[in-house]
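Welcome, and thanks for taking a look at this one. Please have the sequence and the model open side by side as you read on.

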2 protein chains.
Amino acid sequence: MIQRIHHINFIVRDLASAIPAWERILNRPITSRDRLEERGVDIARFDLGQTWIVLVQPTRSGTIPAAHLERYGEGFFLMSLETDSLPDEVRRLGEATFDGPQRRGLDDWLVRDIGIAEMQGARVQLVESGGT
Amino acid sequence: MIQRIHHINFIVRDLASAIPAWERILNRPITSRDRLEERGVDIARFDLGQTWIVLVQPTRSGTIPAAHLERYGEGFFLMSLETDSLPDEVRRLGEATFDGPQRRGLDDWLVRDIGIAEMQGARVQLVESGGT
């Protein structure tokens, strides 16, 4: 079952300048900074109750986040939808709905990316986070 | 106070084809269709617990949603952050943070758009919805 929006990612060129701008608007500090080496990104997170807002800075070229930044510039990157069972959703929707294999996000979240053509150009993923 | 993500808007060219695609992924029907004449959009909404996912189809040119579609194509358009008091947030952030005057969204939501340069290209707005 799709339960809620788990996190929303925004691509930024430079976390050092983006973090204070977002902290001012959201009126709260980031909760953590992380690095996802295999994804090629540095990350800062805000806790907005049920949803994380995640700022993502690509750290090298040749990755999906870096390609997105190059093509579209800064801004919205991805919406992640929480499910209580990723295998159940893959069975319901079919493998052809997804783009690439299961991978691990922050905090060992299990994620599958929905093919970009499925959602009229919106980058959407499913996540089974175990509650984080 | 910024409380949660109230809604997220995605721009689509054609609601008639986008609605069944999103209904399949989200595994639920839309809750309503609406038209915002002055904004030049037709709208379909999904209820995702605390957050609405809103599909927006521009119906005429010369509007901000139509310009966004033309420039960026389909996909993410806007994130709306719920506050319990829009006037308090405008006082806290200052008028210069916002782009344009207060306006009314669906269901008489009161909204103010944050200037696009403030958030590194992400279109973000504040909303006082009275709980809807």
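How many salt bridges does the rule find across the interface of chain A and chain B? There are two salt bridges across that interface, in what is a predicted model. The points below go through the interface, the nonpolar core and two loop residues.

**How the chains meet**

- On chain A, 36 residues are in contact with chain B, and 36 residues of chain B take part in turn.
- Chain A and chain B bury about 3,200 Å² between them, and carbon and sulfur atoms account for 64% of that area.
- Three residues, A:Arg24, A:Ile25 and A:Gln120, supply 22% of the area that chain A buries against chain B, which is more than any other three residues supply.

**Polar links across the interface**

- A:Arg24 also forms a salt bridge with B:Glu118, with the closest N and O atoms 3.0 Å apart.
- The rule finds 16 residue pairs in polar contact across the interface, both partners being at pLDDT 80 or more.

**What the chain A side is made of**

- Five elements of chain A each supply at least two residues of the side that touches chain B: strand S1 (2-11), helix H1 (15-26), strand S4 (51-58), strand S5 (75-83) and helix H3 (86-93).
- H1(A) gives the largest share of that side, with seven residues.
- Sorted by character, the residues of this side of chain A are 21 nonpolar, nine polar and six charged.

**The nonpolar core**

- The largest nonpolar core holds 58 residues, and A:Trp22, A:Leu81, B:Trp22 and B:Leu81 have the most contacts inside it.
- B:Leu81 is worth a click: leaving aside neighbours within four places in sequence, its contacts on chain A are A:Ile25, A:Leu26, A:Leu48 and A:Ile53.
- On its own chain, with those neighbours again left aside, B:Leu81 is in contact with residues including B:Ile2, B:Ile5, B:His6, B:Val124 and B:Leu126.

**Two residues with positive phi**

- As background, most residues other than glycine have a negative phi.
- A:Asn27 has a positive phi, near 60 degrees, and lies in the loop between H1 and strand S2 (32-36) of chain A.
- A:Asn27 counts as partly exposed because its relative accessibility is 43%, between the 20% and 50% cut-offs.
- B:Asp107 has a positive phi as well, near 50 degrees, and is found in the loop between strand S6 (103-104) and strand S7 (110-113) of chain B.
- With a relative accessibility of 43%, B:Asp107 counts as partly exposed.

Conventions
Residues numbered from 1 in each chain as written. Chains lettered and ligands numbered in written order. Predicted model: local features only at pLDDT ≥ 70, side-chain atom pairs only at ≥ 80, totals over all residues. Heavy atoms only, no water. Contact = heavy atoms within 4.5 Å. Buried area = accessible area lost by both parts, 1.4 Å probe. Salt bridge = Lys/Arg side-chain N within 4 Å of Asp/Glu carboxyl O. Polar contact = N/O pair within 3.5 Å; in protein donor to acceptor, adjacent residues only side chain to side chain. Helix = DSSP H or I, 4+ residues; strand = E, 2+ residues; numbered from the N terminus. Nonpolar A, V, L, I, M, F, W, Y, C, P; charged D, E, K, R; others polar. Core = buried A, V, L, I, M, F, W, Y, C linked by side-chain atoms within 4.5 Å. Buried < 20%, exposed > 50% of the residue type's maximum accessible area, 1.4 Å probe, protein only.
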